[in-house]
Amino acid sequence: MLCYSTISENIPAAWACLLSGREFHPCSPALLYRDKVAFWEQFDRSMMSLNADAVLSDAETATTLRTIAKEQGSAATIDDTSSWAMQGQPKSHILYENLTPANVYIQTSGSTGIPKLACISGDTLMHRFYDGIGPDNRVMLNVLASHSIGGMRTILPLGRTNIRLEPARLMALPQSWWELVNKYQVTDVDLTNLNVSNLIAHMANGAAYNAKSLERLAFGAEPIKPATITRFFQLLRHGGMRNAKSTFVYSMT
């Protein structure tokens, strides 16, 4: 079980699991700070369902988890991995060639609205997210939550550069997304339908934008509205995008 409040500490823990062939379940700590009891009930249920034997977390979250576990009479082992320094991301081909087909479990409501754990196989990680290839010169801009199915793109070192933008910042300042796209000549992006709607409103209001570098767009983490995506592509073409490929990381399981 991985439970991190920051993406920078979540990534090395996920790499450690993938490279050692350990199955893992990334869990969002968002509910932890709103309703501790409800969070622990869901967390404990996931641990029992997966027969998890370890919980990895950052220092602050680990302290809170230990306190709740003690209050709830749980003997769960919760390890603080803050000392795991990030020494740069591993080369794409190293992770690609050494990735043991371990499963990743994601909490999702799917299209039914009923929360459940969905399984992503190691083969899916390698071939669907990597598109069946090793290292290349992609520049990735990730927005999807790291504990979501589409957010697995944030964990895997795809391409030459991998940039993370918090969804809340994109929603508050859509121009910040375009600033990153243009500054780093981003080729690959992932977005939710809500993200796209927010960017459309920004673009349609006459804001300047340059979409020439975009080559691949992935949409997921929530139901997709075709009309919204179609309008987005129309505006991107107006901004100079040509021959881009779209993929949908919804229903990855």
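Helix α1 buries much of its length in this predicted model. Its buried residues are Ile7, Asn10, Ile11, Pro12, Ala13, Ala14, Trp15, Cys17 and Leu18. An α-helix has 3.6 residues a turn, so residues three or four places apart point the same way. The helix has 14 residues. From first C-alpha to last, α1 reaches 20 Å, close to the 20 Å expected at 1.5 Å a residue. Glycine 21 follows α1, and its phi is positive, near 75°.

The same helix leads to a pocket. Helix α1, residues 7-20, gives the most to the lining of the second largest pocket, with 3 residues. That pocket has a volume of about 330 Å³. Its lining counts 17 residues. Nearest the centre lie Met1, Cys17, Arg22, Glu23 and Asp53. Cys17 is also among the buried residues of α1. By type, the lining divides into 11 nonpolar, 3 polar and 3 charged residues.

Now turn to the sheet. It is open, has 5 strands and pairs in parallel, in the order β7-β6-β8-β9-β10. β7 (161-164) and β10 (245-248) stand at the edges. Each has a single partner strand, so one side of each is left without a neighbour in the sheet. Neighbouring strands are turned by 15° against each other on average, direction ignored.

Start the strand-by-strand view at β6. Val139 and Leu141 point one way from this strand. Met140 and Asn142 point the other way, and all four residues are buried. β6 runs parallel to β7, joined to it by 4 bridges. Within this pairing, methionine 140 has asparagine 162 of β7 as its bridge partner. β6 also pairs with β8 in the parallel sense, over 2 bridges. Here methionine 140 stands opposite aspartate 188 in β8.

Aspartate 188 carries the path onward. Its bridge partner in β9 is arginine 216. Strands β8 (residues 188-191) and β9 (residues 216-219) pair in the parallel sense over 4 bridges.

What lies in the loop between α5 and β6? Arginine 138 does, with α5 spanning 122-129 and β6 spanning 139-142. Is arginine 138 buried or exposed? Its relative accessible area is 5%, and buried means under 20%, so arginine 138 is buried. Glutamate 215 is 77 residues away from arginine 138 in sequence. In space, the two are 9.1 Å apart, C-alpha to C-alpha.

How values were computed. Residues are numbered from 1 along each chain as its sequence is written. This is a predicted model: local features need pLDDT of at least 70, side-chain atom pairs count only at pLDDT 80 or more; totals for chains, interfaces and linings use all residues. Side-chain values use heavy atoms; hydrogens and water are left out. On a 1 Å grid over the protein atoms alone, a cavity is a set of points where a 1.4 Å probe fits but cannot get out, and a pocket is an open set with protein on both sides within 12 Å along at least five of seven lines; lining residues have an atom within 4 Å of a point. Grid points are joined across faces, edges and corners, and a volume is the space filled by probe spheres set on the points. Ala, Val, Leu, Ile, Met, Phe, Trp, Tyr, Cys and Pro count as nonpolar, Asp, Glu, Lys and Arg as charged, and the others, Gly among them, as polar. The expected span of a helix is 1.5 Å times one less than its number of residues. Buried means under 20% relative accessible area, exposed over 50%, partly exposed in between (1.4 Å probe, protein chains only). Two strands pair if DSSP finds at least two bridges between them. Axes are lines fitted to C-alpha atoms, for helices over the stretch in contact, and angles run from 0 to 180 degrees between N-to-C directions.
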